[in-house]
Each structure stands twice: as structure tokens, then as C-alpha cells.
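Visitor: I am new to this structure and would be grateful for guidance on how to read its features. May we look at it together?

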Amino acid sequence: MISQMKPYRREQGFTLLEILVAVLVLSFGLLGLAGLQAASIRANHSAYLRSQATQLAYDMADRIRANTSAADAGTYNNPTPAISASCYSTGGCAASVLAGDDVYRWNQAITAALPAGSAGVVCLDATPNDGSPGTVDCSNSGNQYVVKVWWRDDPTNPTSFKRFVMTFRP
């Protein structure tokens, strides 16, 4: 007696459950990539702001080095920012007046370039790594100038300020 065999059925694709699992795994992978991209953008923006603060600090140091008579006299030690149009005329202005104008224009650049950029500080300081936004915290002693710049790195946290400090001798 010859037995009758059932016809062979070929598999013809994935089942619905397998497709749902594949879509779920793909979704988690894409969410992970989106989170990684967001973290990368935040880190890149933070690095950009630090670069801006560094550039602004070097700008102030160059202004001080260009005005050596005022630097030697200590005029850049906590100067009062004041705009002076005479410094940009053919007659020029005194070195001490130029120091106030330099700090005024530098503070305007900080406000324009950095989010919640508080006015920077220039002073003689023996302990440069102190202070907070809005406070000078300079010892007014020593033979090195200190340039301090603050900005808010995280817009969601109004108290998280970053600081860049640079010391130099003119």
C-alpha cells in the first residue's frame, strides 16, 4: 500500500509578529540615533560658545597690549567702561580714556556674542580662578592681568554659568 503524502507547503515570507518585532527594534535604534544627534548638537554648541569666549578674552588682551602706557599705569585694573568718540577721531584720546573705551566696546561684544553674557572683567589678580557673574572678585594685586568672561551654557538652567579665565602679562 502506497501512502499518500501530504503536499509540501513552502514558507512564503515573514509572519506578522516577526514584522512587528523588526519595526520595534528599528524604532528603538532610530530613537537612540536621535538622542545621540541631540547630545552632539548640544556639545557642539557648548564648544562654539567656549571658542567665542576664548576669542573675546584674547581680543581684550590684545587691546591691553596695544595700549602699553595705560597697562603699565594700571588703568586696565577694573576700569570704568565708557564710550569715547574722541578715540576714533584724527586727534585721538588719552591712553586712560582709550582703556575705558576698550572695556566698553569689549563688553558690548560679549553681550552680542554670548547668551546671557555678563560683562567681562579685566583686573590685576593674584587669584584668577574665583568670582561669579556680576562680581569682580579681584585682589587688585600682582603683576598679571586677568580676563574673566561668563556666559550661560544651558538655556534651561538660569543659574548654570560657564567661565573662561585668561591670565597674561602685557
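Visitor: Where do Arg-65 and Asp-62 lie?

Guide: This is a predicted model. In it, helix α1, which spans residues 16–66, holds both Arg-65 and Asp-62. The two residues are 3 apart, about one turn of the helix. They form a salt bridge in which the closest N and O atoms are 3.5 Å apart.

Visitor: Which cut-off makes such a pair a salt bridge?

Guide: The side-chain nitrogen of a Lys or Arg must be within 4 Å of a carboxyl oxygen of Asp or Glu. By this rule the structure has 5 salt bridges.

Visitor: Why do Arg-65 and Asp-62 count as partly exposed?

Guide: The class depends on relative accessible area: under 20% is buried, over 50% is exposed, and partly exposed lies in between. Arg-65 is partly exposed because its value is 36%. Asp-62 has 45% relative accessibility, so this residue is also partly exposed.

Visitor: Which residue forms a salt bridge with Arg-63?

Guide: The partner of Arg-63 is Asp-102, and the closest N and O atoms are 3.4 Å apart. This pair links distant parts of the chain, 39 residues apart: Arg-63 belongs to helix α1, and Asp-102 to helix α3, residues 95–113. Arg-63 counts as partly exposed because its relative accessibility is 22%. Asp-102, in contrast, has a relative accessible area of 5% and is therefore buried.

Visitor: What does the salt bridge between Lys-148 and Asp-125 tie together?

Guide: Lys-148 is part of strand β2, residues 145–152, while Asp-125 sits in the loop between β1 (121–124) and β2, so the pair ties together parts that are 23 residues apart in sequence. The closest N and O atoms of this salt bridge are 3.1 Å apart. Both Lys-148 and Asp-125 are buried.

Visitor: Which residues are joined into one network by salt bridges that share partners?

Guide: The network consists of Asp-59, Arg-63 and Asp-102.

Visitor: Let us turn to the surface. Which residues form a nonpolar patch there?

Guide: The patch is made of Leu-26, Leu-30, Leu-33 and Leu-36, which together have about 430 Å² of accessible area. Leu-26 may serve as the example; helix α1 contains this residue. Because its relative accessibility is 53%, Leu-26 counts as exposed.

Visitor: Is Ser-84 buried or exposed?

Guide: Ser-84 has a relative accessible area of 11%, and is therefore buried. Its place is the loop between α2 (68–73) and α3. The side chain of Ser-84 makes a polar contact of 2.9 Å with the side chain of Ser-86. If neighbours within four places in sequence are set aside, Ser-84 is in contact with Val-97, Asp-101 and Arg-105.

Visitor: What describes a pair of aromatic rings?

Guide: Such a pair is described by the distance of the centres and the angle of the planes. A search of the whole structure finds 1 aromatic pair. The rings are those of Tyr-145 and Phe-168, with centres 6.1 Å apart and planes at 25°, so the pair is stacked. The cut-off behind that word is an angle under 30 degrees.

Visitor: Where in the chain are Tyr-145 and Phe-168?

Guide: Tyr-145 is in strand β2 and Phe-168 in strand β3, residues 161–168. The pair thus links distant parts of the chain, 23 residues apart. Both Tyr-145 and Phe-168 are buried.

Methods. Residues numbered from 1 in each chain as written. Predicted model: local features only at pLDDT ≥ 70, side-chain atom pairs only at ≥ 80, totals over all residues. Heavy atoms only, no water. Helix = DSSP H or I, 4+ residues; strand = E, 2+ residues; numbered from the N terminus. Buried < 20%, exposed > 50% of the residue type's maximum accessible area, 1.4 Å probe, protein only. Patch = residues over 30% accessible without salt bridge, like charges linked within 9 Å, V, L, I, M, F, W, Y side chains within 5 Å. Areas by Shrake-Rupley, 256 points an atom, 1.4 Å probe, with all protein chains shown as cover. Polar contact = N/O pair within 3.5 Å; in protein donor to acceptor, adjacent residues only side chain to side chain. Contact = heavy atoms within 4.5 Å. Phe/Tyr/Trp six-rings, centres within 6.5 Å; stacked < 30°, edge-to-face > 60°.
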